Amino acid sequence: MDLKVHTLLESMKVKWTAIDIMRIGYDGESSAPVIFWIEVIPASLSGSDGIIVARNCREIIEEYRITSTDVDVEIHEPAVS
């Protein structure tokens with residue numbers, strides 16, 4: 001799956017810096033959602049293009065029978081100081 005996502009991001013000219021799979025939740029929470037997190041260079045991807053990237057990544061994930069109830073795809077721009 002990694003190679004397909006990397007190929008997709010490169011073909012769409014996404015300036016990505018990292019891909020992480022994580023759970024973000026609260027202490028004591030029984031199950032936080034899994035997040036497929038794509039980190040991009042700040043201001044390098046428009047909101048509308050980000051939606052397209054996330055949808056295309058979702059399609060790749062679903063090829064592996066992982067459904068939208070199992071994992072969310074999110075685009076992240078780190079704060080730069």
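Here is a short chat about a few residues in this predicted model.

Colleague: What makes the contact of Lys4 with Glu63 a salt bridge?

Modeller: The closest N and O atoms of Lys4 and Glu63 are 2.6 Å apart. A salt bridge needs a side-chain nitrogen of Lys or Arg within 4 Å of a carboxyl oxygen of Asp or Glu, so this pair qualifies. Side chains of opposite charge can pair when their charged atoms come close.

Colleague: How many salt bridges turn up in a search of the whole structure?

Modeller: That search finds 1 salt bridge. Lys4 sits in helix α1 (residues 2-11) and Glu63 in helix α2, 59 residues apart, and the pair links distant parts of the chain.

Colleague: Why is Lys4 called partly exposed?

Modeller: Its relative accessibility is 40%. Partly exposed covers the range between under 20%, which is buried, and over 50%, which is exposed, so Lys4 belongs there.

Colleague: And where is Ala43, and why is Ala43 called exposed?

Modeller: Ala43 is in the loop between β2 (34-40) and α2 (47-63). Exposed means over 50%, and Ala43 has 74% relative accessibility, so the word fits.

Colleague: How do you know that Arg65 counts as exposed?

Modeller: The reasoning is alike: Arg65 has 77% relative accessibility, and the cut-off is over 50%, so Arg65 counts as exposed. You will find Arg65 in the loop between α2 and β3 (71-76).

Colleague: What is the phi of Ala43, and what is the phi of Arg65?

Modeller: Ala43 has a positive phi of about 65 degrees, and Arg65 has a positive phi of about 60 degrees. Neither residue is a glycine. Most residues other than glycine have a negative phi.

Key: Residues are numbered from 1 along each chain as its sequence is written. This is a predicted model: local features need pLDDT of at least 70, side-chain atom pairs count only at pLDDT 80 or more; totals for chains, interfaces and linings use all residues. Side-chain values use heavy atoms; hydrogens and water are left out. Helices (H or I, at least four residues) and strands (E, at least two) are DSSP runs, numbered from the N terminus. Buried means under 20% relative accessible area, exposed over 50%, partly exposed in between (1.4 Å probe, protein chains only).
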